[in-house]
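Student: I am new to reading protein models. Could you walk me through one, feature by feature?

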Amino acid sequence: MYEQMNLVSDADQITGEIGSPDVYIVTSGGVRIPAHASVLASVSPVLENILDRPRKYRRSEKIIPILGVRCDAVSAFVRFLYSSRCTDEEMEAYGIHLLALSHVYLVPQLKQRCTKGLAERLTNDNVVDVLQLARLCDAPDLYIKCMRLISNHFKTVEKTEGWKFLQDHDPHLELEILQFMEESESRKKLTRRRREERCLYLQLSEAMECLEHICTEGCTSVGPYDMEPTAKKGPCGKFSTCHGLQMLIKHFATCKKRVNGGCSRCKRMWQLLRLHSSICEHTDLCRVPLCRQFKLKAQVEKKGEDSRWKLLVRKVVSANAMSSLSLPKRKREEEPKQTLDHRHGIRSFRLEGSNY
């Protein structure tokens with residue numbers, strides 16, 4: 001009786017200025033919570049339908065039973081219907097019950113509040129129970145967050161009582177979880193592979209820039225035929241890639257195996273030269289060796305060109321464009337693409353101290 005008086009008192013605080021209650025909400029514990037039909041009907045269409053049902057006796061009082069839920073949770077539910085507020089303490093104690101009530105009685109504001117509150121309070125111990133409720137109550141955001149937590153901490157979750165109960169009583173949900181984990185792992189692998197591919201395309205794009213830089217300006221140890229390279233020249237902004245490319249060019253210029261096609265490093269250099277030719281827009285003015293020859297050969301063999309090579313060229317061009325856009329505007333303006341004012345034939349590289 002004392003508990004019932006407290007609940008009635010709480011409702012009186014909420015409804016004191018509206019007038020006398022004309023409906024009572026009855027809980028499983030027999031507690032009667034006074035309320036106003038106009039307020040309940042304006043917030044919940046389900047409660048409105050219940051109140052519009054004809055009563056058996058006209059003089060009998062209106063009663064709405066809300067059973068199967070803790071009395072305190074029902075009281076918190078009624079308070080929300082009046083005030084549109086739910087305290088953190090109530091969410092901590094009755095969040096699961098309030099989510100169920102908000103779904104059954106179609107109270108979207110409370111459902112949104114419960115979805116957010118329960119998501120913030122997810123743990124390895126309660127995630128399976130919350131997942132089952134989210135599935136039943138059609139709360140997709142909460143459902144996904146539960147799935148992700150289970151997927152990320154499965155070894156811990158599978159040791160909980162909730163998981164053991166799920167295995168015994170809901171094999172379909174268990175299968176959903178396992179399928180989600182498999183798809184999640186596949187997505188991670190796909191994302192990882194795409195990230196690695198983007199990294200590769202960016203590296204190739206940078207190598208193309210360094211190749212043009214070496215063949216037009218020269219760098220520390222390799223430069224164009226008509227320019228003397230010098231070790232005193234400071235390293236360029238992309239010296240890590242540029243240095244590796246210079247070492248490859250030095251090998252390419254002196255290797256004796258490349259004539260017979262037996263050197264893998266020389267094959268790599270041939271591919272870089274071919275790739276440059278495929279993306280070069282200034283073939284007649286270009287100082288990169290074999291650029292024009294590769295371009296002419298590609299035009300002759302256009303019908304039989306490898307589709308994978310075309311894809312590679314498009315990816316590298318795209319990576320180059322994205323890399324340029326990521327630079328500050330001022331830096332892009334300070335680094336215009338270098339072209340020559342007069343035509344050049346195909347020249348060899350000049351290495352420091354030697355001519356090849």
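Tutor: We will look at cores, cysteines and one helix in turn. Keep in mind that this is a predicted model.

Student: Which residues touch the most other members of the largest nonpolar core?

Tutor: Leu 40, Phe 77, Leu 142 and Ile 177 do, in a core of 57 residues. Helix H4, residues 71-83, gives this core its largest share, nine residues. A separate, second core has 31 residues, including Cys 219, Leu 248, Phe 252 and Leu 272.

Student: What is Leu 142 in contact with, leaving aside its neighbours within four places in sequence?

Tutor: Its partners are Leu 99, Thr 115, Leu 118, Ala 119, Val 130 and Ala 134.

Student: How many disulfides does a search of the whole structure find?

Tutor: Zero. A disulfide needs two cysteine sulfur atoms within 2.5 Å. For Cys 266, the nearest cysteine sulfur belongs to Cys 263 and is 3.6 Å away. Cys 266 is also buried, with a relative accessible area of 1%.

Student: Why is the sulfur of Cys 280 not in a bond with that of Cys 291?

Tutor: Because the two sulfurs are 3.8 Å apart, too far for a bond. Cys 280 is buried too, at a relative accessible area of 10%.

Student: Which residues of helix H10 are buried?

Tutor: In H10, residues 161-169, they are Gly 162, Trp 163 and Leu 166. They span an arc of only 100° around the axis, so they lie on the same side of H10. That buried side packs against helices H7 (127-136), H9 (154-157) and H11 (171-216).

Student: What does the face turned away carry?

Tutor: Exposed residues: Glu 161, Asp 168 and His 169.

Definitions and conventions:
Residues numbered from 1 in each chain as written. Predicted model: local features only at pLDDT ≥ 70, side-chain atom pairs only at ≥ 80, totals over all residues. Heavy atoms only, no water. Core = buried A, V, L, I, M, F, W, Y, C linked by side-chain atoms within 4.5 Å. Buried < 20%, exposed > 50% of the residue type's maximum accessible area, 1.4 Å probe, protein only. Helix = DSSP H or I, 4+ residues; strand = E, 2+ residues; numbered from the N terminus. Contact = heavy atoms within 4.5 Å. Arc of directions from axis to C-beta.
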